[in-house]
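This briefing introduces the structure shown below to a reader who has not met it before. It begins with a term that the later points rely on and then proceeds by topic.

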Amino acid sequence: MKNNSSAGTKATRYSELKTMLEERRRDLQAEVQGKMRDVRSEGAWGGKQNEVLDAVESSEADIQDEIEFALIQMKSETLNKVNDALMRLEQGDYGNCFECGEEIAEKRLRALPFAVRCKDCEEAREVAEQRERQVAARRGATSLFLDM
Ligand SMILES: [Zn+2]
């Protein structure tokens, strides 16, 4: 363990990450609520509009609704992740690398709040994955020959 950061910087990091996550949560909540309102008000009008819309147009409206609902669902899933991250932050397990245990840079967390690895470990993993893919591709090609 090479953890020589003072209690002061830890507290700053904690409050900065907390603010970052809370801001994200607020934005997501506002977006989800705004979209829900849109869908609901469209739904109220939709009943009457559907009477005049022909089948093609109303099925297009259905697709629109489905896209809206999918978006809301996606946003609420992200919202759950943000809540989860905030909980982990409280417990002190947010923002540390899953592989090496070092703190993940705050800049990285701002860009990728659900990152579980530090930049170095992520890059190492990508290289390893690429190598695995190459090996798998070669193996695939070989087995193709063997099958013949
Ligand atoms: Zn790491």
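A residue counts as buried when its relative accessible area is under 20%, as exposed when that area is over 50%, and as partly exposed in between. By this rule Glu122 is buried, because its relative accessible area is 16%. The model described here is predicted. Its chain has 148 residues, of which 19% count as buried.

**Overall architecture**

- The chain contains 4 helices and 0 strands, and from the N terminus on its elements run α-α-α-α.
- Among contacts with a separation of 6 or more, 62% are between residues 24 or more positions apart.
- The structure holds 0 disulfides.

**Confidence of the prediction**

- The average pLDDT of the chain is 85, and 78% of the residues score at least 70.
- Confidence is highest in helix 3, with a mean of 95, and lowest in helix 1 (residues 7-52), with a mean of 80.
- Where pLDDT is low, predicted coordinates should not be read in detail.

**The zinc site**

- Four cysteines supply the protein donors of the zinc ion: the SG atoms of Cys97, Cys100, Cys118 and Cys121 lie 2.3 Å from the ion.
- The arrangement of the 4 donor atoms is tetrahedral because the angles they subtend around the zinc ion are 104 to 115°, and the class requires all angles to lie between 85 and 135 degrees.
- Along the chain, the donors follow the spacing C-x2-C-x17-C-x2-C.
- Cys97 is in the loop between helix 2 (55-91) and helix 3 (106-111), while Cys118 is in the loop between helix 3 and helix 4 (119-147), so this pair ties together parts that are 21 residues apart in sequence.
- Cys97 is buried because its relative accessible area is 5%, and Cys118 is likewise buried, at 11%.
- Cys100, by contrast, is partly exposed, because its relative accessible area is 41%.

**Salt bridges between distant parts of the chain**

- A search of the whole structure finds 13 salt bridges.
- One of them joins the side chains of Glu90 and Lys18, at 3.0 Å from N to O. This pair links distant parts of the chain, with Glu90 in helix 2 and Lys18 in helix 1, 72 residues apart.
- Both partners count as partly exposed: Glu90 has a relative accessibility of 48%, and Lys18 has one of 24%.
- Another salt bridge brings together the side chains of Glu99 and Arg117, also at 3.0 Å from N to O. Glu99 lies in the loop between helix 2 and helix 3 and Arg117 in the loop between helix 3 and helix 4, so described as a link between distant parts of the chain, 18 residues apart.
- Glu99 is partly exposed, with a relative accessible area of 47%, whereas Arg117 counts as buried, at 12% relative accessibility.

**Arg108 and the salt-bridge network**

- Arg108 is placed in helix 3, and this residue counts as buried because its relative accessibility is 16%.
- Leaving aside residues up to four places away in sequence, Arg108 touches Ala115, Arg117, Cys118, Lys119 and Glu122. Among these contacts are Cys118, a donor of the zinc ion, and Arg117, the partner of Glu99 in a salt bridge.
- A network of salt bridges links Arg108, Glu122, Arg125 and Glu129.
- Within helix 4, the side chains of Glu122 and Arg125 meet in a salt bridge of 3.3 Å from N to O. The two residues are separated by about one helical turn, because they are 3 residues apart in that helix.
- Arg125 is partly exposed, with a relative accessible area of 32%, whereas its partner Glu122 is buried, at 16%.

**Points to retain**

- The zinc ion has cysteine SG atoms as its protein donors, in a tetrahedral arrangement.
- Arg108 in helix 3 belongs to a network of salt bridges that also includes Glu122, Arg125 and Glu129.

Terms used
Residues are numbered from 1 along each chain as its sequence is written. Side-chain values use heavy atoms; hydrogens and water are left out. Donors are N, O and S atoms within 2.8 Å of the metal (3.2 Å for Na, K and Ca); water is not among the atoms, so sites may look incomplete. Four donors count as tetrahedral if all angles lie between 85 and 135 degrees; four count as square planar and six as octahedral if opposite donors are over 155 degrees apart and all others between 65 and 115; anything else is irregular. Buried means under 20% relative accessible area, exposed over 50%, partly exposed in between (1.4 Å probe, protein chains only). Contact means heavy atoms within 4.5 Å. pLDDT is the predictor's confidence in each residue, from 0 to 100. A salt bridge is a side-chain nitrogen of Lys or Arg within 4 Å of a carboxyl oxygen of Asp or Glu. A disulfide is a pair of cysteine sulfur atoms within 2.5 Å.
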